[in-house]
Amino acid sequence: MHPVTRPVNNFIGFVIRTYKLEKIIVTGGACLNGNIKISGAKNAVLPIIIGTILSPGKNKILDVPDLSDVDILVEVLHILGAKVERNGNALDIDSSNITCFETPYEYVRKMRASILIMGPLLARLGKVKISMPGGCAIGTRPIDLHLKGMEALGATINVDRGYIEATATKLVGAKIYLDFPSVGATENIMMAATLAEGTTIIENAAEEPEIVDLANFLNSMGASVMGAGTNVIRIKGVKQLRETTHTVIPDRIEAGTFLVAGAITGGNILLENVIADHLKPVIAKLQECGVEIIEEGEGLRVIAPQKVKPVDIKTLPYPGFPTDMQAQFMVLLSKALGTGVVSETVFENRFMHADELKRMGVDIRIEGRSAIIEGGKKITGCPVKATDLRAGAALIIAGLIAEGETEITNTFHIYRGYENIVDKFRSLGAKIREE
Ligand SMILES: CC(=O)N[C@H]1[C@@H](OP(=O)(O)OP(=O)(O)OC[C@H]2O[C@@H](n3ccc(=O)[nH]c3=O)[C@H](O)[C@@H]2O)O[C@H](CO)[C@@H](O)[C@@H]1O
Ligand SMILES: C=C(OP(=O)(O)O)C(=O)O
């Protein structure tokens, strides 16, 4: 039997905070001003933490955000046999003794990114048993491309009673074409291929900045990953990976969320620790809305416009407009004078927040995969519930411009991906509290 939890330094404290504070309450009307520092990226740190499984040594990850997703992953690594210690925003992971190859449903259910354990465990132990993740609030989210990738590298896959069992006596490099540039499948295959015999070529690979960060991390451990950030990635397998220290890139979605919050509240905010290049599609749309964005060293200043202009948005894989910013922009469009259309092409069911926003007075009509927003209507505070992580962020932003109080429940979604979100908003002048 494997122990269920072996808490790291601040793990217990975080759990208490996450589960006790069930509500976020926002009183609308404040104009946001000031500076905040953007945290390390959730979508970069999760695969990187998992990537430490590949090296039988001690790795240090810096700029790790304090998120419940990170805590869950740390628990999973403990179960697999790693030793993890957290000191502030640094995570020390000793993966010398990875012996367990099983990740139960309890964890995969809470955090879909845990499916990324498949590739590294296969490469390290030649065996992995992991629960099928199942659907979630934003879509069915199949993992067929992950499985095809592992099979192409020589794994035998068996799905039984909700679990995937994959085995391989050895992984051998292959040419793999992804039907869709899936972020997770690209990462899973990339990690497995680092220790495969020969060269793997991933075609139609995802190009997200988080893929590049993972590749940089793997290369700093001695892997040979070339082409990350383009749609063809070449991985030359090596015999073993060594220890490393890596700093996680800033979270472009957290940054985008605060840019929208600044723009919608008539504010003037400086975001520190931002890579503006990663935010190109978001900045372009904000500028089209009339928002002023100024690069200041490693920071970005957002200056709200007098009036928000309506725009149309279509979510796409990077470098297109990110699906993870769609909900926040729907709120911005509610303030525009005119009609904006948001088309979601990445996930088939990512408009759950529309019903909650409608309860606050936002005029949204869903037609297939598009949401049509008639701006300029009065937004009023009321009890609402976060249906997923970005939906939760969108509700906070709506609360900032609403008349009266907005009480958001199901806040655990929000704590999955935003470090100290309430403190950060409060430091900018928002009237916001946790209960
Ligand atoms: C932890 C993490 O990094 N999460 C991000 C990652 O999720 P994730 O890696 O799950 O997203 P994918 O890029 O894999 O998914 C995109 C689309 O491809 C489909 N698909 C994916 C895999 C597969 O095997 N088969 C298949 O059909 C999905 O159902 C979805 O419709 O990228 C998404 C798209 O930018 C972001 O919204 C998530 O925040
Ligand atoms: C959908 C998201 O994350 P995940 O893939 O971890 O569910 C997100 O970050 O918006």
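Where does ligand 1 lie with respect to domain 1 and domain 2? This is a predicted model, so please hear what follows as computed from it. Domain 1 covers 11–39 + 250–434, and domain 2 covers 42–247. Both give residues to the shell around ligand 1, so the ligand lies between them.

Next, the shell itself. There are 22 residues around ligand 1. Those that come nearest are Asn43, Leu145, Ser182, Val183 and Gly184. By type, the shell divides into eleven nonpolar residues, six polar and five charged. Three helices each supply at least two residues of that shell: helix 2, helix 6, which is 144–152, and helix 7, which is 183–193.

Helix 2 takes us to the sheet. Helix 2 is residues 42–51, and it lies across strand 3, strand 5 and strand 14. Against strand 3, residues 58–62, helix 2 runs at about 175°.

Now the sheet. It is open, with four strands in the order 4-5-3-14, and the pairing is mixed. Strand 4, at 83–87, and strand 14, at 245–247, are the edges. Each has a single partner strand, so one side of each is left without a neighbour in the sheet. From one strand to the next, the twist averages 15°.

One pairing in detail: strand 4 with strand 5, residues 90–94. The two run antiparallel and are joined by five bridges. Within that pair, Val84 stands opposite Ile93 of strand 5.

To return to the opening question: ligand 1 lies between domain 1 and domain 2, because both give residues to its shell.

Methods: Residues are numbered from 1 along each chain as its sequence is written. Chains are lettered from A and ligands numbered from 1 in the order in which they are written. This is a predicted model: local features need pLDDT of at least 70, side-chain atom pairs count only at pLDDT 80 or more; totals for chains, interfaces and linings use all residues. Two strands pair if DSSP finds at least two bridges between them. Axes are lines fitted to C-alpha atoms, for helices over the stretch in contact, and angles run from 0 to 180 degrees between N-to-C directions. Two residues are in contact if their C-beta atoms, placed from the backbone, lie within 7 Å. A residue is near a molecule or strand if its C-beta atom, placed from the backbone, lies within 6 Å of it. Ala, Val, Leu, Ile, Met, Phe, Trp, Tyr, Cys and Pro count as nonpolar, Asp, Glu, Lys and Arg as charged, and the others, Gly among them, as polar. Domain bounds come from an automatic or database domain assignment.
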